[in-house]
Amino acid sequence: MTHSPTVVSAARPTAARWWQNGLIYQIYPLSFMDSNGDGSGDLRGIISRLDYCRWLGINAVWLSPIYPSPMIDFGYDIANFTDIHPLFGTLSDFDALISEARRLNLKILLDYVPNHSSDQHSWFLQSRSSRNNPHRDWYIWRDPAPGGGRSNNWLSAFGGSAWEWDENTGQYYLHSYLKEQPDLNWRNPAVQQAMLDVLRFWLDRGVSGFRVDSIAHLMKDTQFRDNPLNPDWDPATGPYFRYLPVHSRDHPDSANVIRQIRQVIDAYEDCVIIGEAYLSLERTVAYYAAGVHLPFNFALITSPWTAREVHRIITTYESRLGPDQWPNWVLGNHDRHRIATRVGRAQARGAAMLLLTLRGTPTLYYGDEIAMLDVPIPARLVKDPWELNVPCLGLGRDPERSPMQWDSTNHAGFSTAIPWLPVASDFNRFNVAVESQEADSVLTLYRRLIALRAEKTALHSGSYGEVLCEDHVLSYSRHSGSESFLIALNFSDEPRTFEHVGLRGSISLTTALDRASEPVTEKLLLRPDEGVIVEI
Ligand code: GLC
């Protein structure tokens, strides 16, 4: 294939803030490092591995929830928003984490879960104690429908109805997730006040921002109308999408809440809010206007892995972003199967190159940098409530939450005890200690990509230029001043030749970590699954 040298490059803002030109690393605290030999990761464990984060070249660490919780949803069911679960440590361990992170020039971001609490939170215990309790309206209670039964057809994201009957007070309460996760009533100013104070509590302790959980669920239809049937429902996606959640999710009033959250954040220096919502690109981008700095862009997780599809995603996304809206990209997280499992280890190298050369902030999920795979979980060991409620559709999230593989010792160096979830069977081969010694490991590739991205303005802040997508090859360019790079990624397991009229340059990096400085003139041979960065 031959292409003209014309590069379409929109004028876009350049990155100035740490959350724009830096890299975010997600730690799932239960699985990162266990310091006290109980089989679960903890804060002291994370502190002991912060130097690894620094060595890797990341700028900010986002921790999934570390708060007191009955752990029905592994921390996303919070019983106290302003304390630390004893499993993870204490507030003074948290303070130590902040100060060690500062010393290493790393930012700490927390998970903020505003949509719901645990049913064990004192607010909910009071709320359900009687209809007259002052906390009754802190949650969403409804009478039965006139003929009896639930007041509407809303479903829980984790299976079954979103309404749970409370015998004691004769009403239903809403839970967009598990029945142990009742939804807070954000239309109540007292809830707003209390939940905004939660942000201040952690900001005062030195965090640099939040990943806001389930941000699209914050507000619901005031009339509680039924959701319409989904004409395109695919049962393989799970029961939740049987109805289109138009009245229970992505409500325009959420923007008012987000604006308040943003106001709190803006009173602190250089802090960020990142929003989690699995919405279309168009709807995702709408959350910028409400004040989210980085509404997570999950398109690379939710779409098929082909050059054409990825090209479509990038062009759609780039075309929808307004001038002040900074892009971001995510390859994996604790809710979705790992990238190396989804696309295979060979393609996962190209995925790493894509993540770290696209325009926008990358978020990297712990363990993806060492090519960790999902760990199959035998039925008797399943922990994830989603898998327990909606089994056998492959929705379960335990496989991508397995312990970090640090070295080849027992339990991959994660713990001295049997870990809460099984360690991958190939941990002897794929771990930090082994891969950090290898010139061509995935870990070395990540480090080199991260270092190159940090060093080159074109890569961390430059404009994006569409080149083309054809024949399983995706290519694009990045520019800043006199710096220009062309990135070409072969999505197939066969060799491809990429031709580009007028192309002249030399190879900076390949996914195999070879061919350094090889000159490139018009024709670039790409080996199976290979990705190449050419300095032009
Ligand atoms: C988000 C979290 C997920 C959690 C859910 C309910 O989607 O990422 O892990 O189960 O919200 O809080």
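In this predicted model, Asp398 touches Ile377, Leu381, Val382, Lys383, Asp384 and Leu421, leaving aside residues up to four places away in sequence. This aspartate sits in the loop between helix H13 (385-389) and helix H14 (432-436), and the briefing starts from its surroundings before turning to salt bridges, domains, two helices and some individual residues. The protein as a whole is divided into domain 1 (18-117 + 189-223 + 254-449), domain 2 (122-174) and domain 3 (463-535), and the C-alpha centres of domain 2 and domain 3 are 56 Å apart.

**The surroundings of Asp398**

- Asp398 is buried yet takes part in no salt bridge, and the nearest side chain of opposite charge, that of Arg401, is 5.0 Å away; because a salt bridge requires the nitrogen and the carboxyl oxygen to be within 4 Å, the 5.0 Å to Arg401 does not qualify.
- Backbone nitrogens do approach the Asp398 side chain: that of Lys383 lies 2.6 Å from one of its polar atoms, and that of Asp384 lies 3.0 Å from a polar atom of the same side chain.

**Salt bridges**

- Side chains of opposite charge can pair when their charged atoms come close, and a search of the whole structure finds 32 salt bridges.
- Glu100 is paired with Arg103, with the closest N and O atoms 2.8 Å apart; both residues belong to helix H4 (residues 91-103), where they are three residues apart, or about one turn of the helix.
- Arg103 has a relative accessible area of 60%, and is therefore exposed.
- Asp221 forms a salt bridge with Arg225, in which the closest N and O atoms are 3.0 Å apart; Asp221 counts as buried because its relative accessibility is 3%, whereas Arg225, with a relative accessible area of 39%, is partly exposed.
- Arg359 and Glu318 also meet through their side chains in a salt bridge, at 3.0 Å from N to O. Arg359 lies in the loop between helix H12 (345-357) and strand S12 (361-365) and Glu318 lies in helix H10 (residues 307-320), so the pair ties together parts that are 41 residues apart in sequence.
- Both Arg359 and Glu318 are buried.
- Elsewhere, salt bridges that share partners join Asp73, Asp335, Asp384, Arg397 and Arg401 into one network.

**Helix H10**

- H10 consists of 14 residues and reaches 20 Å from its first C-alpha to its last, which is close to the 20 Å expected at 1.5 Å a residue.
- The buried residues of H10 are Ala307, Glu309, Val310, His311, Ile313, Ile314, Tyr317 and Glu318, and what covers them includes helix H8 (281-290), helix H9 (299-302), strand S11 (328-330), H12, strand S13 (463-470) and strand S14 (473-480).

**Helix H6**

- The 16 residues of helix H6 (residues 189-204) should span 22 Å at 1.5 Å a residue, and the end C-alpha atoms are indeed 22 Å apart, which agrees.
- Asn188 caps the N-terminal end of H6, with a side-chain oxygen 2.8 Å from the backbone nitrogen of Ala190, while the helix is followed by Gly206, whose phi is positive, near 110 degrees.
- Buried residues in H6 are Val191, Gln192, Ala194, Met195, Leu196, Val198, Leu199, Trp202 and Leu203, and these pack against H4, strand S4 (107-112), helix H5 (122-127), strand S8 (209-212) and helix H7 (254-266).

**Leu526 in strand S17**

- Leu526 lies in strand S17 (residues 519-526) and counts as buried because its relative accessibility is 0%.
- Leaving aside residues up to four places away in sequence, Leu526 touches Val473, Ala488, Leu489, Asn490, Pro495, Arg496, Phe498 and Val532.
- The C-alpha atoms of Leu526 and Thr82 are separated by 52 Å, and these two residues are 444 residues apart along the chain.

**Positive phi outside glycine**

- Phe224, although not a glycine, has a positive phi of about 50 degrees; this phenylalanine is found in the loop between S8 and H7, and is buried, with a relative accessible area of 15%.
- Asp529, likewise a residue other than glycine, has a positive phi near 60 degrees; Asp529 is placed in the loop between S17 and strand S18 (531-535), and counts as buried at 17% relative accessibility.

Conventions: Residues numbered from 1 in each chain as written. Predicted model: local features only at pLDDT ≥ 70, side-chain atom pairs only at ≥ 80, totals over all residues. Heavy atoms only, no water. Helix = DSSP H or I, 4+ residues; strand = E, 2+ residues; numbered from the N terminus. Buried < 20%, exposed > 50% of the residue type's maximum accessible area, 1.4 Å probe, protein only. Lys, Arg positive; Asp, Glu negative; His and termini not counted. Polar contact = N/O pair within 3.5 Å; in protein donor to acceptor, adjacent residues only side chain to side chain. Contact = heavy atoms within 4.5 Å. Domains from an automatic or database assignment. Expected span 1.5 Å × (residues − 1).
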